[in-house]
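Dear colleague,

I am passing on to you the structure shown below, together with its sequence. After it come some notes on what turned up when I went through it.

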Amino acid sequence: VDQNVADVAGDAAFICFDRLFRESKVDHNYTLISRYALEVSPAFGQYCPCNGYPDTIPSGPSCIAGEPRLVGRGAPFSAGDGELRCAAESPLGFWYGLPKGGRCSPGERPSKEAWATGCTWSVKQRVKTIHQACLLKDHGFLNYCKADVLEHKGFRRSAKALEAAFASEDPSIGGCADVGGPGVDENSVSMVLV
């Protein structure tokens with residue numbers, strides 16, 4: 001809870017930016033990337049960054065500003081015209097903020113009336129967790145990032161490589177092994193995509 005997640009394109013943009021320019025020294029040295037199936041209300045609020053983990057100083061996570069219950073949605077790096085939170089598509093995908101106050105109780109499902117009920121998101125299941133090294137080192141992900149950055153048209157190649165890592169465990173086709181990970185009731189210390 002109080003975590004940022006992304007769709008495949010949005011997470012590809014984050015990983016590329018993080019690895020090419022920051023290397024997670026500001027917040028956390030990510031070693032895992034998890035994919036979860038989430039159910040999210042279509043009543044989006046403003047995206048806000050959530051940072052920190054139980055092992056960071058100060059201990060986290062915590063979100064900066066944003067709506068305390070509604071799932072925040074925005075284009076990575078605030079790219080594009082306006083906020084894009086209500087747009088059907090974004091050239092860079094979407095980032096989402098999952099506020100603690102919006103997590104649904106077990107058995108409860110988010111709806112269009114989430115602004116009134118407070119139940120705005122729930123985790124259906126953890127799909128797969130991979131080591132970031134599989135993506136970066138074994139499959140040369142940064143080469144895709146560099147090509148995408150030079151092209152200035154989003155992170156198409158990077159998103160395709162990230163999708164391949166989760167679609168299979170066969171390294172010959174870009175797959176990465178599922179290393180297990182936090183379940184739906186546990187806190188995750190990995191990058192998360194939906």
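Let me begin with the cavities: three of 30 Å³ or more are counted, and please bear in mind throughout that the model is a predicted one. The second largest cavity holds about 50 Å³ of space, and its lining is made up of Gln-46, Cys-48, Cys-50, Cys-63, Gly-66, Glu-67, Leu-70, Gly-72, Gly-97, Leu-98 and Pro-99. Sorted by character, the residues of this lining comprise six nonpolar, four polar and one charged.

As for the overall layout, the chain contains five helices and nine strands, and, read from the N terminus, its elements follow the order β-α-β-β-β-β-β-β-α-β-α-α-α-β. Of the 194 residues in the chain, 47% are buried.

The salt bridges deserve a longer look, since seven of them are found in the whole structure. One of these joins Arg-35 to Glu-163, with 2.9 Å between the closest N and O atoms. Arg-35 belongs to strand β2 (residues 32-40) and Glu-163 to helix α5 (residues 156-167), so this pair ties together parts that are 128 residues apart in sequence. Arg-35 counts as buried because its relative accessibility is 16%, under the 20% limit for that class, whereas Glu-163, with a relative accessible area of 32%, is partly exposed.

A salt bridge is also formed between the side chains of Arg-126 and Asp-178, at 3.0 Å from N to O. Here Arg-126 sits in strand β8 (residues 121-131), while Asp-178 is in the loop between α5 and β9 (191-193), so the two tie together parts that are 52 residues apart in sequence. Arg-126 is partly exposed at 22% relative accessibility, and Asp-178 is partly exposed at 30%.

Glu-151 and Arg-156 form a further salt bridge, in which the closest N and O atoms are 3.0 Å apart. Glu-151 is itself partly exposed, having a relative accessible area of 27%, and both residues belong to a network of salt bridges that links Asp-148, Glu-151, Arg-156 and Arg-157.

Finally, which residues make the nonpolar surface patch of about 300 Å²? The patch is made by Phe-17, Phe-21 and Phe-77. Of these, Phe-21 lies in helix α1 (residues 8-22), and Phe-21 is classed as exposed because its relative accessible area is 56%, where exposed means over 50%.

With best wishes

Definitions and conventions:
Residues are numbered from 1 along each chain as its sequence is written. This is a predicted model: local features need pLDDT of at least 70, side-chain atom pairs count only at pLDDT 80 or more; totals for chains, interfaces and linings use all residues. Side-chain values use heavy atoms; hydrogens and water are left out. Patches are made of residues with over 30% relative accessible area and no salt bridge: like charges are joined within 9 Å, nonpolar side chains (Val, Leu, Ile, Met, Phe, Trp, Tyr) within 5 Å. Accessible areas come from the Shrake-Rupley method with a 1.4 Å probe; for residues, only the protein chains shown count as cover. A salt bridge is a side-chain nitrogen of Lys or Arg within 4 Å of a carboxyl oxygen of Asp or Glu. Helices (H or I, at least four residues) and strands (E, at least two) are DSSP runs, numbered from the N terminus. Buried means under 20% relative accessible area, exposed over 50%, partly exposed in between (1.4 Å probe, protein chains only). On a 1 Å grid over the protein atoms alone, a cavity is a set of points where a 1.4 Å probe fits but cannot get out, and a pocket is an open set with protein on both sides within 12 Å along at least five of seven lines; lining residues have an atom within 4 Å of a point. Grid points are joined across faces, edges and corners, and a volume is the space filled by probe spheres set on the points. Ala, Val, Leu, Ile, Met, Phe, Trp, Tyr, Cys and Pro count as nonpolar, Asp, Glu, Lys and Arg as charged, and the others, Gly among them, as polar.
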